[in-house]
Amino acid sequence: MKSERLARATLTIGFLLISLPLFAHHGATEYDMTKIVTLSATVKELQFVNPHTLVTFTVKDDSGKTSEWQGELPSPNLLSRRGWSRSTLKPGDQVTIIGAPAKNGEKGMQVKKLVFPDGHELPGTVLPPDSSK
Amino acid sequence: MRIPPIVSLASAALLLFSFPLLAQTPTGIPKTAHTGDLTGVWYPSSVNTFNFIWTDAQGQHLNTLPLTPWGQEKFKGNHPIGGEYTALTSNDPNSECLPPGVPNIYAHAYPVEILQVQGRAIMFFEYGHFVRQIFTDGREHVKDANPTWMGDSTGKWEGDTLVVDSTGFNDKTWLDVAGHPHSEALHLVERMRRADHDTLMIDITLEDPQAYTSILKTQRKYILKPTWNIMEYICEDTRVKFDEFEKKVGAKGTKTAEATVESGSSQSIVGDWKGTITLADGRSLPAAFSFSESSNGLLTVADPSVSMNLQFRNVAVAAGGIVTGLTSDQVNFLGKLSADGKQITGDIILPSGTGHKISMSRP
């Protein structure tokens, strides 16, 4: 398990983050790219299905109130080649989710990156660089 | 006249390989010599831009395409995603899971497998699982072809370059994700070659006198992925109710974005940092990052070949040492401070579609 995580972490280091829209169907216009939100998330569900991946999670604010967020991600095909699998995020998992929030104030985001409690990261809406081959 | 270096390089390489290798069959029908090998799974290079960079025949960059009045009329009716149109309001035919046509298919960040069998080269695109057959057996285009989404393609080898000639397209697809139209008169010539073993270059030249007053050129670069295979991709799969999510985040809202940022960390990154930046094209250069008390950060690259000064604002260190910042031009910095506070690693994400990686430490 540990070696798998290490492998994933090593894989991540090789990636440059690119902000290309990765699916023609869903551009980035819904998101406020002038903002970054960093959320301590408790995963509720990962829907790892083509053509789009959707993660649902809860976030506790400073007053202890819990709210539900959703984040969009590229397709499972693209994510699986970047170290993801359908069990990357399981219900109850704690993870830091970084992304661009919806412009309209809804609790939705385009996920750019995940940071796990042990420090390893996984890229979200990104494109592997030529140098990652 | 400014010629993008990649185009001039390509032209030089094309000159080197432009000798035809046509063999004659006993019947006198020219049979193309099978001299090149483009087989493999290829992934779009990170230097490709989502929107194509179009040039004229001389390689001069075109800011606006030379549309005919017919083309202008069509273009007005196309509403690509971006600007005022979202996935919900755009009329991009891609949204309906229909084939994107060529060259639009090259805009999508999915791999393509090229297979060469007797008399054919086959492009098997992961995106939508669309298949394109390129007949290399010397045949002519289908006469009076009923127009199709992916067109009628014939190919001949010129040395190790496969020259693909395509006609017979319907006019239901867009040339690119910017919504540029084309007519059924679209005639496409693609020169596909390995610039080196791991690099596939596709030089695209098209003419469409109904839509454009002159020819257009663009180029795509692909990287060989020897261990990959084409995976299943079903565009029509609606198990994830993505439309509902899209309606939620895409609806015109009156609320202001709730920036639920984590409470800050006590770790300070103020001061000077030195290290390297690895550009999207793989070059590694010395760079410096300087953070001020007022949450600003200046990233400079100390190399004469690259002019880069990025002024980040709202630089914040969140719990777990996650460092974020933004420039006024929407360049993102997503970094991480090591537990001992001595190292910052992270990613610089440009809105143009290129990104870089940095690694910094206190001098």
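Helices and strands here are DSSP runs, numbered from the N terminus. The model is predicted.

**View 1. Gln60(B) sits in a loop of chain B.** The loop links β3 (40-44) to α2 (69-77) of chain B. Gln60(B) is partly exposed because 14 other C-beta atoms lie within 10 Å, and a residue counts as buried only from 20 or more and as exposed at 12 or fewer. Leu216(B) is 156 residues away along the chain. In space, the C-alpha atoms of Gln60(B) and Leu216(B) are separated by 10.0 Å.

**View 2. Nine strands of chain B close into a barrel.** The order is β3-β4-β5-β6-β7-β8-β9-β10-β11. Pairing in this barrel is mixed. With direction ignored, neighbouring strands of the sheet are turned by 30° against each other on average. Strand β3 (40-44), at one end of the loop that holds Gln60(B), is listed in the barrel order.

**View 3. Strands β7 and β8 of chain B run antiparallel.** Strand β7 covers residues 152-158, and strand β8 covers residues 161-167. Seven bridges join the two. One residue pair can be picked out: Ser153(B) has Ser166(B), in β8(B), as its bridge partner. Both strands also appear in the barrel order of chain B. Confidence in chain B is highest in β8(B), at a mean pLDDT of 98.

**View 4. Confidence in chain B is lowest in helix α1.** This helix spans residues 5-16 and has a mean pLDDT of 41. Over residues 1-30 of chain B, pLDDT stays under 50. The model has 40 contacts beyond four places in sequence for that stretch. Residues 257-263 of chain B also stay under 50. For these residues the model has 24 contacts beyond four places in sequence. Chain B as a whole has a mean pLDDT of 84, and 86% of its residues reach 70 or more.

**View 5. Chain A combines two helices with six strands.** Along the sequence, the pattern reads α-β-β-β-α-β-β-β. Chain A has 133 residues, of which 55% count as buried. Consider its contacts between residues at least 6 apart in sequence: 61% of them join residues at least 24 apart. For the model, the scores are ipTM 0.74 and pTM 0.76.

Definitions and conventions. Residues numbered from 1 in each chain as written. Chains lettered and ligands numbered in written order. Predicted model: local features only at pLDDT ≥ 70, side-chain atom pairs only at ≥ 80, totals over all residues. Helix = DSSP H or I, 4+ residues; strand = E, 2+ residues; numbered from the N terminus. Contact = placed C-beta atoms within 7 Å. Pairing = 2+ DSSP bridges. Axes fitted to C-alpha atoms, helices over the stretch in contact; angles between N-to-C directions. pLDDT = per-residue confidence, 0-100.
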